[in-house]
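Student: I am new to this structure and would like a close look at one part of it. Could you start from a single residue and then lead me outward, explaining the terms as you go?

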Amino acid sequence: MTASSLPSAPGMRRRAFTVVLAIELWERFGYYGMQAVLTLFMVVHLRMGDAAANLMMGAFGALTYITPLVGGVIGDRVLGARRTVVMGALLLTGGYAVLAAALQSHILLLVAMALISTGNGLFKPNAGNLVRRIYKNDDAALDAAFTLYYMSVNVGSTVSMLLTPWLQIHYGAPSAFAACAVGLGVGLLYYVLRSSCLDATTPASEKQPVPLRRFGLVGAGLVIMTVFNAWILGSDTLARLCVTAAGAILAAIWVALYVRAPKAERPGLRLTYMLCLQGTIYLVFYQQMMTSLTLFALRGVSGDYRIGGVTLFHMSAGQFQVLNSLWIMALSPALAFLYNRMGQQQKQTSHARKMILGYAMVALGFGVWWAAAAHADGLVSPWVMVVGYGFLSLGELLTIGLGLAVVACYSPARLSGFMMGALYLLWGIAMYVGSLIANQAALSPEVIAGGGGASLYAGLFRTLCEIAAALVVLLLCLEPLTRRWDREHATVIGG
């Protein structure tokens with residue numbers, strides 16, 4: 001490489017990264033904008049019962065995390081990451097557009113959600129793979145790139161979770177879903193027009209034309225997958241059966257991997273299994289944001305933020321979900337600084353201890369909501385939501401946020417790809433379980449009509465607070481075991 005060409009490589013990488021970053025931002029704009037209003041759309045506009053809406057959101061969440069396993073294979077071995085990203089974005093855009101037309105149709109709702117889950121499965125793993133390609137063999141630049149990539153997720157989601165509930169209230173639900181489709185359409189158009197910026201980081205094998213027959217087979221497979229997803233979303237029994245079967249199959253595979261693993265790999269595998277399970281439980285609580293917490297905000301929380309009798313601003317029920325993104329953006333840099341400082345002082349805290357602290361924060365968050373709901377006299381102050389979401393978001397960073405780091409740290413390198421996929425599968429299962437728990441506060445139309453507001457959710461929030469507190473106690477009891485396994489793992493790696 002000549003001296004004159006040195007500046008061009010970083011410039012090409014920045015241009016390529018900008019293209020991927022733009023479509024990721026708009027994809028998250030569409031997805032989180034849809035998520036912010038979907039539960040309210042089902043309950044308020046389609047007149048679905050709380051229980052049915054919660055379970056459908058649970059099945060939808062599970063599919064959202066399971067389908068990337070298929071999308072990753074298609075991107076890696078069949079079509080290539082770039083083509084698969086485009087296909088995923090097209091399906092997502094189509095799904096949002098169908099949602100905009102589903103105002104009085106349960107069938108269209110199922111089709112739209114199935115398209116979105118399939119599209120997400122194609123898009124999510126391959127967009128991340130494009131970033132890895134751009135910064136291959138440059139770990140420092142890759143870390144910085146993924147930091148910006150993660151921030152784009154939060155920027156896109158923050159804007160959309162404020163915008164789409166406002167559109168839903170003032171112009172109707174179709175306008176909110178149409179905004180998601182238009183936003184992602186804009187991002188997709190930019191990606192296609194600027195896709196040549198990715199040529200330098202695209203493998204030669206992926207630049208070769210794909211036979212039409214292969215496209216046809218993939219298209220047929222995606223149609224079958226979408227129909228199957230719609231079938232699952234429309235049947236609580238089938239969804240529960242599939243989630244149970246997925247969990248049982250994963251458990252059997254984990255046992256088989258452990259039995260066949262060399263003795264030196266077993267301490268790392270044990271730690272991976274335990275810490276992945278511990279972190280995954282957070283998704284049970286996270287799922288409440290889209291289900292019980294949104295319905296609690298709809299029926300029992302004032303949207304007017306006041307200080308000293310002066311109303312500062314108003315938030316609708318769907319907009320409260322944005323508090324999670326805002327807290328994540330505020331807390332992430334602080335935690336990163338704290339971790340670096342502790343590392344410099346040789347005072348690192350183990351993953352297990354971080355998770356214990358994380359579930360303590362979750363318990364505090366639901367404790368705040370429990371106390372507010374139990375003692376509510378009318379509508380609860382929205383500042384309660386700010387405080388509760390603050391604790392819950394800190395818990396997220398200390399639990400589920402460590403999941404990928406756990407796999408990278410403890411699982412054998414030869415199994416890291418599989419374990420990443422297994423982790424996503426666990427997350428999907430936990431989200432479905434979260435919806436089952438949310439149904440403790442599923443209200444009948446008669447109860448809703450009779451009033452009661454915030455107090456009707458006190459029992460659920462108490463249960464969730466107690467579950468989180470029990471997890472803290474359980475993890476404290478397990479910590480000596482995890483420390484011992486960690487020492488065994490370190491001895492094997494060091495040896």
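Tutor: Let's start with Thr294, which counts as buried because its relative accessibility is 1%; buried means under 20% relative accessible area, exposed means over 50%, and partly exposed is in between, with a 1.4 Å probe and protein chains only. Before we go on, please keep in mind that this is a predicted model, in which local features need pLDDT of at least 70 and side-chain atom pairs count only at pLDDT 80 or more, while totals for chains, interfaces and linings use all residues. Residues are numbered from 1 along each chain as its sequence is written, and side-chain values use heavy atoms, with hydrogens and water left out.

Thr294 is part of helix H13, residues 292-300. Helices (H or I, at least four residues) and strands (E, at least two) are DSSP runs, numbered from the N terminus. Apart from its neighbours within four places in sequence, Thr294 contacts Leu40, Gln288, Met289, Ala317 and Gln321, where contact means heavy atoms within 4.5 Å.

Now for a pair of strands. E1 (residues 304-307) pairs with E2 (residues 310-314) in the antiparallel sense, over 4 bridges; two strands pair if DSSP finds at least two bridges between them. Ile307 is opposite Val310 of E2. Together E1 and E2 make a hairpin with 2 residues between them, and Gly308 in the turn has a positive phi of about 60 degrees.

That angle has a counterpart elsewhere. Most residues other than glycine have a negative phi. Arg47 is not a glycine, yet its phi is positive, at about 60 degrees. Arg47 sits in the loop that joins helix H1 (8-45) to helix H2 (50-66), and it counts as exposed because its relative accessibility is 70%.

Next, let's see how helix H9 meets its partners. Two packed helices are described by the angle between their axes and the distance between the axes. Axes are lines fitted to C-alpha atoms, for helices over the stretch in contact, and angles run from 0 to 180 degrees between N-to-C directions.

Helix H5 (residues 106-134) packs on H9 (residues 212-233) at about 125 degrees, with the axes 8 Å apart. So H5 is oblique to H9; angles under 35 degrees count as roughly parallel, over 145 as roughly antiparallel, 65 to 115 as roughly perpendicular and the rest as oblique. Their crossing is right-handed, meaning that the near helix is turned clockwise from the far one by less than a right angle; anticlockwise would be left-handed. Among the residues that meet here are Leu110, Met113 and Leu122 in H5 and Leu222, Met225 and Asn229 in H9. Sorted by class, this contact of H5 with H9 has 9 nonpolar, 4 polar and no charged residues. Ala, Val, Leu, Ile, Met, Phe, Trp, Tyr, Cys and Pro count as nonpolar, Asp, Glu, Lys and Arg as charged, and the others, Gly among them, as polar.

Helix H3 (residues 68-78) packs on H9 at an angle of about 180 degrees, with the axes 13 Å apart. H3 is therefore roughly antiparallel to H9. In this contact, Val70, Ile74 and Val78 of H3 meet Arg214, Val218, Leu222 and Met225 of H9, giving 6 nonpolar, no polar and 1 charged.

The third partner is helix H10 (residues 236-260), which packs on H9 at about 110 degrees with the axes 6 Å apart. H9 and H10 are therefore roughly perpendicular to each other. H9 brings Phe228, Trp231 and Ile232 to the contact, and H10 brings Leu238, Ala239 and Cys242. The residues of this contact are 6 nonpolar, no polar and no charged.

We can finish with Arg266, which lies in helix H11, residues 266-280. Arg266 counts as partly exposed because its relative accessibility is 26%. Not counting residues up to four places away in sequence, Arg266 touches Tyr258, Val259 and Ala261. The C-alpha atoms of Arg266 and Pro412 are separated by 9.1 Å, although the two residues are 146 residues apart along the chain.
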